[in-house]
Amino acid sequence: MVSTRIPITTRGAEKLKAELDYLKKVARPNVVAAIAEAREKGDLSENAEYDAAREEQGHIEGRIAELEGKIPALQIIDPKSVDAGERIVFGATVGLYDEDDDVSVTYQIVGDDEADIKENRISVSSPIARALIGKYEGDSVQFMAPKGLVSYEIESVEYI
């Protein structure tokens, strides 16, 4: 029985499942072959290839275990099917205006495992997302960021 649900978008869940599939079907067999090849070269105590392959195997097995534990706990949320009206909730794509810097930015609020600031996908547990959740278009929000207090005006809320 899974007690803690992990919110994630449909896209994020597909990426995690694809990563697990890749690790099991491609990465794991490749590292096993590399270990076997390194073993054939003799003395393992001074074999850097063997040590590197074993370390890589540890990383792969650790990530497989992490994903196998996490995937059953995923609460997959399709942003297109969220019926929150104009209120900001998980999955929302929010247009913001930064009065201090005179710029507009757009972020989608996603799960921790799929957050990527380069793609403007922010974690639901980030300070900015926590400030936005429950707000509406036209509201102003303030939150503490590494550069100090930041203020945004919410320009748009979409579920796409």
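Good morning. In this predicted model, the C-alpha centres of domain 1 and domain 2 lie 33 Å apart. The domain assignment places domain 1 at residues 4–74 and domain 2 at residues 78–156. Nine residues from domain 1 and eleven from domain 2 take part in the contact between them.

Let me turn to that interface. About 750 Å² is buried between domain 1 and domain 2, and carbon and sulfur atoms give 50% of this area. On the side of domain 1, Pro7, Thr9 and Arg11 supply 54% of the area buried against domain 2, more than any other three residues. The rule finds two salt bridges across the interface.

Two of these three residues deserve a closer look. Threonine 9 belongs to strand 1. Its relative accessible area is 2%, so threonine 9 counts as buried. Setting aside neighbours within four places in sequence, its contacts include Ile76, Ile77, Phe90, Val110 and Arg121.

Arginine 11 forms a salt bridge with glutamate 119, at 2.9 Å from N to O. This pair links distant parts of the chain: arginine 11 is in helix 1, whereas glutamate 119 is in the loop between strand 4 (103–110) and strand 5 (121–123), 108 residues apart. Both partners are partly exposed, arginine 11 at 41% relative accessibility and glutamate 119 at 40%.

I move now to helix 1 itself. With 30 residues, from 10 to 39, helix 1 should span 44 Å at 1.5 Å a residue; the end C-alpha atoms are 42 Å apart, which agrees. The helix nevertheless has a kink of about 40 degrees, centred on leucine 23. Leucine 23 is one of the buried residues of helix 1, among them also Leu16, Leu20, Ala27 and Val31. The buried residues of this helix pack against strand 1 (6–9), helix 2 (48–70) and strand 2 (74–77).

Helix 1 also holds a local salt bridge, between lysine 25 and aspartate 21, with the closest N and O atoms 3.0 Å apart. The two are separated by about one helical turn because they are four residues apart in helix 1. Lysine 25 is exposed, at 60%, while aspartate 21 is partly exposed, at 36%.

Finally, lysine 70 and aspartate 113 meet in a salt bridge of 2.8 Å, N to O. Lysine 70 lies in helix 2 and aspartate 113 in the loop between strand 4 and strand 5, so the pair ties together parts 43 residues apart in sequence. Lysine 70 counts as buried, at 16% relative accessibility. Salt bridges with shared partners join Glu19, Arg63, Glu66, Lys70 and Asp113 into one network. The structure holds eleven salt bridges.

Methods. Residues are numbered from 1 along each chain as its sequence is written. This is a predicted model: local features need pLDDT of at least 70, side-chain atom pairs count only at pLDDT 80 or more; totals for chains, interfaces and linings use all residues. Side-chain values use heavy atoms; hydrogens and water are left out. The expected span of a helix is 1.5 Å times one less than its number of residues. The bend at a residue is the angle between axes fitted to the seven residues ending there and the seven starting there. Buried means under 20% relative accessible area, exposed over 50%, partly exposed in between (1.4 Å probe, protein chains only). Contact means heavy atoms within 4.5 Å. Domain bounds come from an automatic or database domain assignment. Buried area is the accessible area (1.4 Å probe) that two parts lose on being put together, summed over both. A salt bridge is a side-chain nitrogen of Lys or Arg within 4 Å of a carboxyl oxygen of Asp or Glu.
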